[in-house]
Amino acid sequence: MSRAPRLHPDGKTRCPWPGEDPLYVAYHDTEWGVPEYDDRALYEKLILDGFQAGLSWITILRKRDNFRKAFDDFQPEKIARYTDRKVHALMNDVGIVRNKAKIEGTILSAKAYLDIMEKGPGFSKFLWDFMDGRPKVNNFKTTASVPASTPLSMQISKELSSRGFKFVGPTIVYAFMQATGMVNDHLVDCHCHATCSKMQRKPRLKTK
């Protein structure tokens, strides 16, 4: 179903998907589509997008603090050393999404992340090199125009999978690209589209 931007009581026009939920609106306004270049933050977002598969993002957003507590603030160095006992404990944690395959995938993805960090070029640079270091700005007018995946998300998905990351299919990867500002998919009439479009300066990415 195609949906256009909606005008909110505060006078701002937004993408339709956050509705009126204050938590969702805050996420839409301050995080979604803002370019993220921090290695660990990118890992966290990729993992949470994997947990979202089959669920709505607001479900994950409401549990995000619980996820951070359960997964040691998504520090890959710690997660990579998780034991079967830790997996069992996580499966009994009602504050998160209890899916054993996704929990075990988080551990494998942490090991893949550490391999990229150790051998270069770093996780952020690895991802942003696909974009030549800068976000792609789209100009969609309705949600019907926004793709679920793209050839580039398929390419990144394939590369991540080959390196050992789990739950990184093309659709999950594209949602991740949208959330981390690799692509600006705020609808063109949304007030955040212009703000995120200004974040085009190519950053100086750290290399090991």
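A pocket, as the word is used here, is an open set of grid points with protein on both sides within 12 Å along at least five of seven lines, and its volume is the space filled by probe spheres set on those points. The exercises below concern a predicted model.

**Exercise 1. Describe the second largest pocket by its volume, its lining and the elements that contribute to it.**

Solution. Begin with the volume: the second largest pocket holds about 210 Å³ of space. Turn next to its lining, which consists of 15 residues, with Glu-31, Glu-36, Ala-41, Lys-45 and Arg-64 lying nearest the centre. The elements that give two or more residues to this lining are α1, α2 and α3 (57-70), and among the elements it is α2 that gives the most, with five residues. Finally, sort the lining by class, which yields six nonpolar, two polar and seven charged residues.

**Exercise 2. Carry out the analysis for the largest pocket, and state which element gives the most to its lining.**

Solution. The volume of the largest pocket is about 610 Å³. Its lining comprises 25 residues, and those closest to the centre are Trp-17, Trp-32, Gln-52, Ala-175 and Gln-178. Two or more lining residues come from each of α1 (22-30), α2 and α9 (170-179), while the element that gives the most is α9, with six residues. Divided by class, the lining of the largest pocket has 16 nonpolar, five polar and four charged residues.

**Exercise 3. Find how many cavities of 30 Å³ or more the whole structure has, and characterise the largest cavity.**

Solution. The search is based on a general idea: rolling a probe the size of a water molecule over the atoms shows where empty space is left. Applied to the whole structure, the search returns one cavity of 30 Å³ or more, and the largest cavity contains about 50 Å³ of space. Its lining is made up of Leu-46, Ile-47, Gly-50, Phe-51, Lys-102, Gly-105, Thr-106, Ser-109, Lys-166 and Phe-167. At least two of the lining residues are supplied by each of α2 (39-52) and α6 (100-119). A division by class then gives four nonpolar, four polar and two charged residues.

**Exercise 4. Decide whether Glu-20 is buried, partly exposed or exposed, and place it among its contacts.**

Solution. Locate the residue first: Glu-20 sits in the loop that connects β2 (13-14) with α1. Its relative accessible area is 45%, and because partly exposed covers the range between the 20% limit for buried and the 50% limit for exposed, Glu-20 is partly exposed. Once neighbours within four places in sequence are set aside, the contacts of Glu-20 are Arg-6, His-8, Pro-9 and Val-25. For one of these, Pro-9, the separation from Glu-20 is eleven residues in sequence and 9.4 Å in space between C-alpha atoms.

**Exercise 5. Which radius of gyration does the chain have, and how does it stand against the value for a compact globule?**

Solution. For 208 residues, a compact globule would have a radius of gyration near 17 Å, and the chain has 17 Å, so the two agree. Along the principal axes, the C-alpha atoms fill a box of roughly 50 × 40 × 25 Å. The chain is built from ten helices and four strands, and 45% of its 208 residues count as buried. Among contacts with a separation of 6 or more, 67% join residues 24 or more positions apart. The surface that the chain exposes comes to about 10,500 Å², of which carbon and sulfur atoms supply 51%.

How values were computed
Residues numbered from 1 in each chain as written. Predicted model: local features only at pLDDT ≥ 70, side-chain atom pairs only at ≥ 80, totals over all residues. Heavy atoms only, no water. 1 Å grid on protein atoms, 1.4 Å probe; cavity = no way out; pocket = protein on both sides within 12 Å on 5 of 7 lines; lining within 4 Å. Nonpolar A, V, L, I, M, F, W, Y, C, P; charged D, E, K, R; others polar. Rg over C-alpha atoms; globule rule 2.2 N^0.38 Å. Buried < 20%, exposed > 50% of the residue type's maximum accessible area, 1.4 Å probe, protein only. Contact = heavy atoms within 4.5 Å. Areas by Shrake-Rupley, 256 points an atom, 1.4 Å probe, with all protein chains shown as cover.
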